Amino acid sequence: MRLIKGLVNILSWAVYACIACYLLIAAPNAGGIPVPVVVLSGSMEPTYHVGSVIYYKEAPFADINVGDAITFRAGEDGMVTHRVTQKSELSQNFTTKGDANLSEDPNPVDYSDVMGKVWKVSIPYAGYFVNYGKNVTVIAVMAAVIIINIVLDMIFPDKEKKKKSEQTDAKAD
């Protein structure tokens, strides 16, 4: 039983470490700014690799310039991050292009569709970790490991912890 309890304890610490990493990656979103996004395609290679996490921050139209990468809405649920190649002050829109693409995007991006300007920070491969952590099965297994660890600690308390607790109780009397 000691071996199983030790193994579950190690697994629970691994789960806590995963949760901490996930929070560190997604924590900036807690305050609303900047927002993390997982790179899903290679259109911005080699600047932003597939599987990276990048961050964007809301920016006024005047602060977005040619050469900046922006994240914008594309269609109903889509988001795209591409680089601004032209800026139209008159129509308040941008022409964009993925760094790895040979041609510019066919439609200009209206400023109203721009979600934000991309920060220079990216975390390679972290997107795989983030996407994996969204899986319901993974979440259930992680929760089960923590619950099993708590239950085992309640049923089979460590002898040293129990001894310290008893000594503390005796001193209190």
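Which residues form a nonpolar patch on the surface? Here is a walk through this predicted model, starting with that patch.

**View 1. The nonpolar patch on the surface brings together Met1, Ile4, Ile147, Ile150, Val151, Met154, Ile155 and Phe156.**
Taken together, these residues offer about 800 Å² of accessible area. Helix 3, covering residues 136–155, supplies the largest share of the patch, with five residues. Ile147 is a good one to click on: isoleucine 147 sits in helix 3, and with a relative accessible area of 52% it counts as exposed.

**View 2. The whole chain has four helices and seven strands.**
Follow the sequence from start to end and you get α-β-β-β-β-β-β-β-α-α-α. The chain has 173 residues, and 29% of them count as buried. Its accessible surface adds up to about 11,500 Å², with 63% of that belonging to carbon and sulfur atoms. If you look at contacts with a separation of 6 or more, 57% of them involve residues 24 or more positions apart.

**View 3. Seven strands make an open sheet in the order 1-2-7-3-4-5-6, with antiparallel pairing.**
The edges belong to strand 1 (35–38) and strand 6 (109–110), each of which pairs on one side only. As a reminder, strands of a sheet pair through backbone hydrogen bonds, either parallel or antiparallel.

**View 4. Strand 1 meets strand 2 (residues 53–57) through four bridges.**
These two strands run antiparallel. To find your way, start at valine 37, whose bridge partner in strand 2 is isoleucine 54. Now look for isoleucine 54's partner in strand 7: that's serine 122. The pairing of strand 2 with strand 7 (residues 114–123) is antiparallel too, and runs over four bridges.

**View 5. Strand 7 also pairs with strand 3, over three bridges.**
Again, the sense is antiparallel. Phenylalanine 72 is a handy landmark, as it stands opposite valine 114 of strand 7.

**View 6. Alanine 74 is a residue of strand 3, which covers residues 69–74.**
Is alanine 74 buried or exposed? It falls in between: its relative accessible area is 31%, so alanine 74 is partly exposed. Leaving aside residues up to four places away in sequence, alanine 74 touches Met79 and Val80. You can also check the spacing to valine 109, which is 35 residues apart from alanine 74 along the chain: their C-alpha atoms are separated by 8.8 Å.

**View 7. Aspartate 153 and lysine 5 join their side chains in a salt bridge, at 3.5 Å from N to O.**
Aspartate 153 belongs to helix 3 and lysine 5 to helix 1 (residues 2–26), so this pair ties together parts that are 148 residues apart in sequence. What about their accessibility? Lysine 5 counts as buried because its relative accessibility is 12%, while aspartate 153, at 32%, counts as partly exposed. The structure holds four salt bridges, and two others get their own views below.

**View 8. Arginine 83 pairs up with aspartate 99 in a salt bridge whose closest N and O atoms are 2.9 Å apart.**
Arginine 83 is in strand 4 (residues 78–88), and aspartate 99 is in the loop between strand 5 (93–97) and strand 6. The two residues are 16 residues apart, and the pair links distant parts of the chain. Aspartate 99 has a relative accessible area of 27%, so it is partly exposed.

**View 9. Glutamate 89 and lysine 87 form another salt bridge, with 3.7 Å between the closest N and O atoms.**
Which of the labels, buried or exposed, fits glutamate 89? Its relative accessible area is 53%, so glutamate 89 is exposed. Lysine 87 has 22% relative accessibility and therefore counts as partly exposed.

**View 10. Helix 2 (residues 126–133) has Ala126, Gly127 and Val130 buried.**
Why do the buried residues of helix 2 line one face of the helix? Look down the axis of helix 2: its buried residues fall within an arc of 100 degrees, so they share one face.

Definitions and conventions: Residues are numbered from 1 along each chain as its sequence is written. This is a predicted model: local features need pLDDT of at least 70, side-chain atom pairs count only at pLDDT 80 or more; totals for chains, interfaces and linings use all residues. Side-chain values use heavy atoms; hydrogens and water are left out. Patches are made of residues with over 30% relative accessible area and no salt bridge: like charges are joined within 9 Å, nonpolar side chains (Val, Leu, Ile, Met, Phe, Trp, Tyr) within 5 Å. Accessible areas come from the Shrake-Rupley method with a 1.4 Å probe; for residues, only the protein chains shown count as cover. Buried means under 20% relative accessible area, exposed over 50%, partly exposed in between (1.4 Å probe, protein chains only). Contact means heavy atoms within 4.5 Å. Two strands pair if DSSP finds at least two bridges between them. The arc is that of the directions from the helix axis to the C-beta atoms.
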